[in-house]
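Q: I'm new to reading structures and I'd like a close look at one single part. Please walk me through how charged side chains pair up here, and take your time with it.

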Amino acid sequence: MAIRPTSQNSPLETENQGNHPSSAIPSVGIDGLSFYVPGQYLPLEELAKARDVDVGKFHTGLGQEKMAVLSPDEDIITLAAEAARPLLTDIDLSSLDAVILATESGVDQSKAGAIYIHGLLDLPSSCKAFEVKQACCSSTAALQMALATVTLKPTKRILVIASDVARYGILSAGEPTQGAGAVAIMVSANPRLIAMDPEDGSYTRDVMDFWRPNYRDEALVDGKYSIKIYLEALENAFQSYQNESGRSIDDLYRFCYHLPFTRMGEKAHSFLHKKFGAGKPETFKQIEDSGIYNRQIGNCYTAALYLAITSLLENEAEDLSGKRIGLFSYGSGCMGTFFSGKVQAGYRDHLLTHQHQALLASREPLSIESYERMYQHALPIDGEEFQNPQHARGKFRLAGIEAHRRIYTADGPDHIPSITASAAELVEA
Ligand code: COA
């Protein structure tokens, strides 16, 4: 396969980004988007039956249909490495400046998960690797860090990977809003998908709406309060964005929100219009397509907003070339950032739409008993030697634990449509 140079144009070629002094800097943004999800899911009808809840609550009240469930031999590292693979096939790896992992399901207090990923993907030793954290919005902090670096060094690329497993506990209120998945985001100059605007607006406040102490592997959450604080962060972050950019709601053609469950996007969109819409009601067409994938996967924390962006670009029938989309990232605790970007001409030629749809269509449904069994799978914490049974469908596996070390391998079955089949084969299938 031909190696594509970092940029087909001069790296310092500029894009007119509006009336901001930013017009003097190169266009930087998202050049590729790839996601990965485990090979099985729990249909929420099954959960509703088992918990004696009307399924309308999950389908309509929360806007969720399926919940991705992790295999015993998968974790955020294997999900992240699988998500990144398709973005590495046609680039010169020596242009990769860094791989940044954003997660709130970290596997080690010291060693960055990005180093394991660096090893599994056989990245060059000149490529940095580190991990960032702030609940669900560290992926946006990582993206912004990457944009700044690529602005300074336009011949370089940065791979940001958001990977998480949302766990609230069996029988908890958060149970139907669990999920798992990873989104890999390639950042470059002259991006093929979205050129990011330099303006943003952020809001940070020390609150306890959701957190996970080091001794727990399930999050603690005050669900109703987290929705209230999400909206508080949205209002303040949008106000700052508006002040900095001079743009209003009417300058944004589509919106993607952080989606812990897709109904949250509707709540956020209505709220934003009530506050800033000058009396005009919201149009749900503006968010409809961004929720399609999240509805089938569930919450994947840091990856949720980037899954929504992928869903919008891959499912919206209208050509979005040249349109500006508004983006809201929220991380409990809390920090929220509102930012935006312009969809690039020809973006559809660079999406992995068929591969992603095949990845979702080839998953297996689980019974409630299998879900509960998989959920309760735990690794030893005393250093005891342990081998995971083969279950994951991907190439990368968490094979086990030896002397407190996580052992990853690249010897899985690799039954992944996004890697093994061409788009044409997937369409025929
Ligand atoms: N048909 C249709 N809708 C129904 C329904 C039915 N049979 N039964 C309930 N609903 C609706 C409710 O009216 C409610 O809608 P509303 O939000 O417009 O009021 C919605 O379903 C949820 O019901 P609710 O009783 O509020 O659910 P809950 O107490 O079980 O908690 C969460 C919902 C989201 C708070 C909970 O799942 C949670 O804590 N999740 C994790 C945290 C999270 O995702 N936070 C988000 C911000 S980061």
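A: Let's start with one pair in this predicted model: arginine 247 and aspartate 197 make a salt bridge, and their closest N and O atoms are 3.5 Å apart (the term means a side-chain nitrogen of Lys or Arg within 4 Å of a carboxyl oxygen of Asp or Glu). Aspartate 197 belongs to strand E8 (residues 194-204), while arginine 247 is in the loop between helix H6 (223-245) and strand E11 (254-257), so the pair ties together parts that are 50 residues apart in sequence. Those helix and strand labels are DSSP runs numbered from the N terminus, with helices (H or I) having at least four residues and strands (E) at least two.

A quick word on how to read all this: residues are numbered from 1 along each chain as its sequence is written, and side-chain values use heavy atoms, with hydrogens and water left out. Because the model is predicted, local features need pLDDT of at least 70 and side-chain atom pairs count only at pLDDT 80 or more, whereas totals for chains, interfaces and linings use all residues.

Back to our pair. Arginine 247 is buried at 8% relative accessible area, and aspartate 197 is buried too, at 7%. Here, buried means under 20% relative accessible area, exposed means over 50%, and partly exposed is in between (1.4 Å probe, protein chains only).

Now hop over to arginine 254, whose side chain meets that of glutamate 316 in a salt bridge at 2.7 Å, N to O. Arginine 254 is in strand E11 and glutamate 316 is in the loop between H9 and strand E12 (324-331), so this bridge ties together parts 62 residues apart in sequence. Both of these residues are buried.

Glutamate 316 has another partner: lysine 285, with the closest N and O atoms 3.7 Å apart in their salt bridge. That links distant parts of the chain as well, since lysine 285 is in the loop between helix H7 (262-276) and H8, 31 residues from glutamate 316 in its loop between H9 and E12. The two ends have contrasting surroundings: glutamate 316 counts as buried at 3% relative accessibility, but lysine 285 is partly exposed at 34%. Put the shared partners together and you get one network of salt bridges, made up of Arg254, Lys285, Asp289, Glu316 and Glu318.

If you fancy hunting for others, the structure holds 25 salt bridges.
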